[in-house]
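Open the model in your viewer and set it to a cartoon display. The stops below go from one sheet to the helices packed on it, and then to the chain as a whole.

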Amino acid sequence: MNSLVLLVDDDAALRSAWRRLLKGVGFEVLEAPDAAVARQLFKAHPVHLVLLDLMLPPEQTPEAGAALLGEFLSARPDAKVVVVSGTGEASLALSLVQRGAYDFFSKPADPEHLLAVLGRAQARMALESRVRELEQSLAAREDQLLGQAPSFLEAKQLAARAAVTDIPILLTGASGSGKEVFARFVHAHSRRADKPFVTLNCGAISPQLLESTLFGHKKGAFTGATADSKGLFAEAHGGTLFLDEIGDLQLDLQVKLLRATESGEVLPVGASRPVQVDVRLVSATHQPLPEQVANKHFREDLYWRLRGIEVALPRLAERPGDVVLLAQHFLNTARSLVPHSVTPALSPATVRCLESYDWPGNLRELRHEMQRALVLSGGRGEIQPEDLSPALRAKAPTEGTDRAALTLEEKIERLEREELTRALAECEGNRSHAAEKLGLSRQGLLNKMARYGLR
């Protein structure tokens, strides 16, 4: 909880009295006799609680103090500025509160009143901070494990059951299939959720640096080691360490990783004593580790150590019905990348293109494709096939013979299925919202979904 108060008042005796009062209840205090010093202190320190006198030199007018209030709130909208004034005008107090002041009171201030106001402001900041943390946490999980395909739900359910244990988890699947998202899901649903989540791509760092990156090093252990380094195992202490592309790990480092997982100790490079760590390990690879074990490229004992529970992630092409749902979701999240954009829908022709493509790049390719389509759509209400990459358009089913062979009833059923799929995608799977969008009751939507095999 932030306990730093910036006290802005030109009366030195009053500042001294208020400083003793505030420090007596645990606040830290910065003092400014005028607007210039107040600006400097506000900029140089993480101040979010200000006690501001309106009548500041050299102007000595309420307007000067009000201008400073505006500057503070513009720089830090979450700051709480409590205004004090000798004028005591109700209209002025109302005006300042409307302009963002947290509270207003007149001099001479009752000490109990002052402490009560600051206490409320401090509590409000703590609450707002917690709300922001929860919003960020939800935002971080928002595309996380979104889908309804049976193969995907099976992997999700297994990950959820494994998450509550401390058993090592090995995530396998093609590149772009969402292994890091699954790792974050495991961490968020574990007893370690409030502890660090640390990630490392084992194929992105040279073997020479990987040991010190994982286990840390002592100053002078090698050229360039100008200071001690904790290493990622120590940084993840109490939490989760996610090692992506574990199949790229060199054999000599595999030995050291095995020792760390078995003993719970890591030995920094250049150190004489190991460091005890408590880390839950989640690993991932797109490579067939059993083949690497057979070829002596991966240690069998480490493989079985990492593979406490294996969660195999399906390719996007193996998740029927999820492509459109995820595509609409990626369009929604891509809005923040394109200023003044609206979230468009997917036209029926675009849906056919997406569903007929095999998505070799999996979720990563779909996300990038939707970002590209949003830019090329130019703000239209629908994403059309011409907004897609040539590779997707080349895979689009032809309309001619295929549709001409259908009966009228079959054409109506196909159109109805496309509209149901599109509405569910636009509403990110929320059936109540989708039913409202289609003008159906929720039960009516569920009946139609059952009819067409939609989940």
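Two strands are taken to pair if DSSP finds at least two bridges between them. The model is predicted.

Begin with the sheet. Select strands 1 to 5: these five strands form an open sheet, with parallel pairing, in the order 2-1-3-4-5. Now colour residues 28–32, which are strand 2, and residues 103–106, which are strand 5. Each of these strands has a single partner and stands at an edge, so one of its sides has no neighbour in the sheet. Going from one strand to the next, the twist averages 20 degrees.

Next, select residues 4–8, strand 1, together with strand 2. Five bridges join this parallel pair. Show the side chains of Leu4 and Glu28: Leu4 stands opposite Glu28, which belongs to strand 2.

Add residues 12–24, helix 1. Helix 1 packs on the sheet and touches strands 1 and 2, as well as strand 3 (49–53) and strand 4 (80–85). Its direction makes about 165 degrees with that of strand 2.

Then add residues 62–75, helix 3. This helix also packs on the sheet, where it touches strand 1, strand 3 and strand 4. The direction of helix 3 makes about 165 degrees with that of strand 3.

Finally, show the whole protein chain. There are 20 helices and 14 strands in it. How much of the chain is buried? Of its 455 residues, 44% count as buried. Switch to a surface display: the accessible surface of the protein chain is about 22800 Å², and carbon and sulfur atoms supply 52% of it.

Technical notes
Residues numbered from 1 in each chain as written. Predicted model: local features only at pLDDT ≥ 70, side-chain atom pairs only at ≥ 80, totals over all residues. Heavy atoms only, no water. Helix = DSSP H or I, 4+ residues; strand = E, 2+ residues; numbered from the N terminus. Axes fitted to C-alpha atoms, helices over the stretch in contact; angles between N-to-C directions. Contact = heavy atoms within 4.5 Å. Buried < 20%, exposed > 50% of the residue type's maximum accessible area, 1.4 Å probe, protein only. Areas by Shrake-Rupley, 256 points an atom, 1.4 Å probe, with all protein chains shown as cover.
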